[in-house]
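Subject: Structure for you to look at

Hello,

I am handing over a structure that you have not worked with before. Please open it first and then read the notes underneath.

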Amino acid sequence: MSEAGRSDDTEGAWPAILTWRAHDVPRMESVRVQLSGNRIKAYGRIVAAATPSHPAFSASYDLVTDEAGATKRLSLTVTLAERERQLSIARDEENMWLVQQHTGETKRAAYDGALDVDVIFSPFFNALPIRRTGLYQRTESVTCPVVYVRLPELSVDPAVISYSSAPDGIKLHSPVAETTITVDDEGFILDYPGLAARI
């Protein structure tokens, strides 16, 4: 397909760049996604202007999953006006997570058996459990423990997100939202009410 003929429809057009704009605040996310079966390699950035709930920041990330779509490693860099911080998260063969903070502090934990990482403000990361479980292709409910990263502070905690297929999309219940999201044919988010929509 020629570049001129390529549209926002990502089907068959990988690698692709997916971009979301927040509904009600000045924030965007753009990510380059490469697919190989269920394996995902992604490099993205979230750019956010200051709001009452957080200062202006940008966050860049580099993610790699395994063949099943479970997160293998995630590197995050958050830039604020006064500083830049980095975070590295990796899952080993025993399904233990190694979290290395900018301070050099390293923590090894199971995070309740999590196979996915979720990053607040990011519609992209919700696609990881949706694609890994195949939820976008069948009617089912799944509950996924995740390694939950808050921005811009880069705190890391265990959390649980539940997804349930519905006629109008996928119902999502997370630490910060209860809503119904819509996804494309590949399981990537089109609209996450209250967070962002794909443009």
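A residue is called buried here if its relative accessible area is under 20%, exposed if that value is over 50%, and partly exposed in between. By that rule strand S1, residues 16-22, is mostly covered, since five of its seven residues are buried. Please keep in mind throughout that this is a predicted model.

The chain as a whole

The secondary structure amounts to one helix and 15 strands. The C-alpha trace spans about 45 × 40 × 35 Å along its principal axes. Is the chain as a whole compact or extended? For 199 residues, a compact globule would have a radius of gyration near 16 Å, and the chain has 16 Å, so the two agree.

Of the 199 residues, 48% count as buried. The exposed surface of the chain comes to about 9600 Å², and carbon and sulfur atoms supply 49% of that area. If one takes the contacts between residues at least 6 apart in sequence, 42% of them join residues at least 24 apart. As for charge, there are 20 positive and 27 negative charges, and their mean positions lie 4 Å apart.

Strands S1, S2, S3 and S15

What does S1 pair with? One partner is strand S2, residues 27-36, which runs antiparallel to S1 over six bridges. The other end of the chain's numbering comes in as well: strand S15, residues 196-198, pairs with S1 in the antiparallel sense over three bridges.

Individual residues show how these strands line up. Leu18 has Val31 of S2 as its bridge partner, and Trp20 stands opposite Glu29, also in S2. On the S15 side, Arg21 is set against Ala197. In general, side chains in a regular strand alternate between the two faces of the sheet.

The connection from S1 to S2 is a hairpin with four residues between the strands. S2 then pairs with strand S3, residues 39-48, again in the antiparallel sense, over ten bridges. Glu29 takes part here too, with Ile46 as its bridge partner in S3. S2 and S3 also form a hairpin, this one with two residues between the strands, and Gly37 in the turn has a positive phi of about 65°.

The loop between S8 and S9

Strand S8 covers 106-109 and strand S9 covers 116-119, and Tyr111 sits in the loop between them. Tyr111 has a positive phi of about 50° although it is not a glycine. Asp112 lies in that loop between S8 and S9, and its phi is near 55°, a positive value for a residue other than glycine.

Which of these two loop residues is buried and which is exposed? Tyr111 has a relative accessibility of 5%, under the 20% cut-off, and therefore counts as buried. Asp112 has 58%, over the 50% cut-off, and therefore counts as exposed.

Pro145 and what it touches

Pro145 belongs to strand S10. With a relative accessible area of 22%, Pro145 falls between the two cut-offs and so is partly exposed. Which residues does Pro145 contact, leaving aside its neighbours within four places in sequence? They are Tyr111, Asp112, Gly113, Ala114, Leu115, Asp116, Ala159 and Val160. Both loop residues with a positive phi described above, Tyr111 and Asp112, are thus among the contacts of Pro145.

Two distances help to place Pro145 in the fold. Its C-alpha atom is separated by 26 Å from that of Arg27, 118 residues away along the chain. The C-alpha atom of Ala81, 64 residues away along the chain, is separated from that of Pro145 by 33 Å. Ala81 is in the loop between strand S5 (71-79) and strand S6 (84-91). At 83% relative accessibility, Ala81 counts as exposed.

A cis peptide bond

One more item concerns the stretch after S10. The peptide bond between Leu151 and Pro152 is cis, with omega about 0°. Pro152 lies in the loop between strand S10, 141-150, and strand S11, 155-166.

Regards

Terms used:
Residues are numbered from 1 along each chain as its sequence is written. This is a predicted model: local features need pLDDT of at least 70, side-chain atom pairs count only at pLDDT 80 or more; totals for chains, interfaces and linings use all residues. Side-chain values use heavy atoms; hydrogens and water are left out. The radius of gyration is taken over C-alpha atoms; the globule rule is 2.2 Å times the number of residues to the power 0.38. Buried means under 20% relative accessible area, exposed over 50%, partly exposed in between (1.4 Å probe, protein chains only). Contact means heavy atoms within 4.5 Å. Accessible areas come from the Shrake-Rupley method with a 1.4 Å probe; for residues, only the protein chains shown count as cover. Lys and Arg count as positive and Asp and Glu as negative; His and the chain ends are not counted. The place of a charge is taken as NZ of Lys, CZ of Arg, CG of Asp or CD of Glu. Two strands pair if DSSP finds at least two bridges between them.
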